[in-house]
Amino acid sequence: MKTHNSFDEKFEFEGTAKTGSLIALAIGLVAIVAGFLMGGDHVQRMFSNLLLMSYYFVCVCTCGVFFLSYQYVAQAGWSASLIRVPQAFAKVLPIASILLLVVVSAGLFTQHEVIHEGKKHMVPYLYASWATHGLTVVGSENYNAVIAGKAPFLTVGFFYGVLVAFLAAYSYFGYALTKCSTDEDTEGGMRNYNKSFALACTFLVIFGFTFPIFAFGTIMSLEAHWFSTMFGWYNLAAMHVSGVAIMALTIILLRKKGYMQWVTSDHLHDFGKLIFGFSIFWTYVWFAQFFLTWYANIPEESVYFYKRWEPEYKFWFWLNIAMNFLAPLLLLMSRDAKRLTNRMMWTCILLIAGHWLDYYLMIMPGTVVEKRGFAVEEIGTFVAFAGLFTFLMLTQLSKFKSLIPKKHPFLQESLHHHI
Amino acid sequence: MSSTKFILGLFDDPDDMMHGIEKLQKNSVPIYDVYTPMPIHGIEAKLGIKESRLGYAAFCFGCLGATVIFSILYYTLVHDWPMDIGGKPNFAMPNFVPFTFEWTILFTAFGMTFTFFAATHLFPGRAPRVMDLRATDDRFVIAIDAKGNIPHDDITNLLKEAGAVEVKHNDRKYVSYE
């Protein structure tokens, strides 16, 4: 075991990681273009997949900011030496946000013709249930009283305002927290740490109130007739589990490449506890949302689960619970399991796929409905975004002067972390 | 024959105590136990204490709780007196989930607490077993079973060398109750 760590260790982005992520991005892009070229129902599927992955992408990067913030607010010591990884996530958030805005705009402003109850309608590819022309105009043949009642929230102006404002705020806090940490390395002292604490507190308050609205706008409004107040927390849980899983996976892979040797099984154990605990929390919120809907059995609410209980989705509905609840429950329950690198690695990979499926089940039944599929479109889009995320995140990571925040006040506690 | 039952080395500094443990181990003196006013990192590994089995007890109590409430629910709501509630089937699984969840946690929590009390003799109303009263205050105590560990003077010297502020030769194991 190495007893001395170099505080100047720098991440070099090269070799298989670089070529691999670029190849993934290229293959994925080909698949995306092919999906669009196939035309017909495939176009709708591509839009849904792009929304899914860009939302996932934003959520993972936001999780970097969220993780940083609660570590600072809790004045946590254990994470001090690995804080560069969530910082790299946070620094990719502006690009992820722009990508989400592009996808959302493309889906919102590209119209196509659908035949509904024997009549032809021009509807946008995404958010058709509220963005179709005339839904809220009294006297229009498309007029829908329920949607009209929600018009203040579900209009293009408010939708964009919310999206831009929230994502800009999250990106700013990610940038500011990272900057404080890199300034700390050169300046030393407590000034930057105290500033980080204040920033983190402010962020968490803003984030707590705005993230549910972000989830309502981006995902829940795909099926604008339906609503659930649990949806925001459900998404927060999904975002946190998948984000922390990707963070842990990044650290495990970096360690396997010979970086960050100061990260021990004790740090991994803490990640394991977070992943395990928040998987249970995810299940709790998922079930709370399902249970109340099932129990009340009000048609306008039940329709959401009715769609997901149709033969096309039933298998995936159950698989979702198996992957995101049963698997982490059984794989990570014991103390020793959380300290095994390979067990953690495979559980993280499983959960990353699991939460893709979770988002899939949130989006697809409201957009492509019975024309769902799991083929080149889905896998290709995932591969493209995975490659893009890996490339951008590792590029940001390689820009740090050192992989360790040298002057972090809790650094020694983290290096000697023992549980 | 000496009437000493236990030799206690009292330290006022945890680092000195850890040093004392090393010294005793180097001289092959078995340590009965160590008492400290606060948790000390890495001491379990040093003393070779086996991992706690409390987790297994917790798991068993959890399973017990789930089984008990599931049986009660099944007997009352499905078998003995089925009722039509909101048109739901009598044996409606989602209904059972919150109860089963809560009882699993309830049994786990209480079961773990009582197991811990039983294992450490900490029932309310029972005088706690303490080998030296200052081990709960400001002394770090290494206890050595005197039987078979001779000569006692050598052990005393070892402890003194390691920095023990006081070495006691006790005729009784516990001093806290009559």
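Begin by selecting residues 54-77 of chain B, a span that is 100% helix and 0% strand, with its end C-alpha atoms 34 Å apart; helices here are DSSP runs of H or I with at least four residues, strands are runs of E with at least two, and both are numbered from the N terminus. The model is predicted, and for this reason local features need pLDDT of at least 70 and side-chain atom pairs count only at pLDDT 80 or more, whereas totals for chains, interfaces and linings use all residues. Residues are numbered from 1 along each chain as its sequence is written, while chains are lettered from A and ligands numbered from 1 in the order in which they are written.

Next, add residues 103-124 of chain B, where the chain is 82% helix and 0% strand and the end C-alpha atoms lie 24 Å apart. Both spans, 54-77 and 103-124 of chain B, are listed by UniProt, in an unreviewed entry, under "transmembrane region"; UniProt positions are given in the numbering used here, feature names are shortened, and such annotations may be inferred rather than shown by experiment.

Staying in chain B, turn to the sheet, in which 4 strands form an open, antiparallel arrangement in the order S2-S3-S1-S4; two strands pair if DSSP finds at least two bridges between them. The edges are strand S2 (33-35) and strand S4 (166-170) of chain B, each of which pairs on one side only. Neighbouring strands of this sheet are turned by 20 degrees against each other on average, direction ignored. Select strand S1 (residues 6-11) of chain B to see its antiparallel pairing with S4(B) over 5 bridges, where Phe6(B) has Asn170(B) as its bridge partner in S4(B). Helix H1 (residues 14-26) of chain B packs on the sheet, touching S1, S2 and strand S3 (140-145) of chain B, and its direction makes about 20 degrees with that of S3(B); contact here requires C-beta atoms, placed from the backbone, within 7 Å.

Now move to chain A and select helix H2 (residues 41-73) together with helix H14 (residues 376-399), whose axes come within 9 Å and cross at roughly 30 degrees. Axes are lines fitted to C-alpha atoms, for helices over the stretch in contact, and angles run from 0 to 180 degrees between N-to-C directions. H2(A) and H14(A) are therefore roughly parallel to each other, since angles under 35 degrees count as roughly parallel, over 145 as roughly antiparallel, 65 to 115 as roughly perpendicular and the rest as oblique. The residues that meet include Met53(A), Tyr56(A) and Phe57(A) in H2(A) and Phe382(A), Phe385(A) and Phe389(A) in H14(A). By class, the residues of this contact divide into 9 nonpolar, 3 polar and 3 charged; Ala, Val, Leu, Ile, Met, Phe, Trp, Tyr, Cys and Pro count as nonpolar, Asp, Glu, Lys and Arg as charged, and the others, Gly among them, as polar.

Next, select helix H7 (residues 191-218) and helix H8 (residues 231-256) of chain A, which pack at an angle of about 100 degrees with their axes 8 Å apart. That makes H7(A) roughly perpendicular to H8(A). Phe211(A), Pro212(A), Ala215(A) and Phe216(A) in H7(A) meet residues of H8(A) including Phe231(A) and Trp233(A).

Keep H8(A) selected and add helix H3 (residues 84-109) of chain A, as their axes come within 10 Å and cross at roughly 120 degrees. H3(A) and H8(A) are therefore oblique to each other. Here Val85(A), Pro86(A) and Phe89(A) of H3(A) touch Met247(A), Thr250(A) and Ile251(A) of H8(A).

Note on methods
Contact = placed C-beta atoms within 7 Å.
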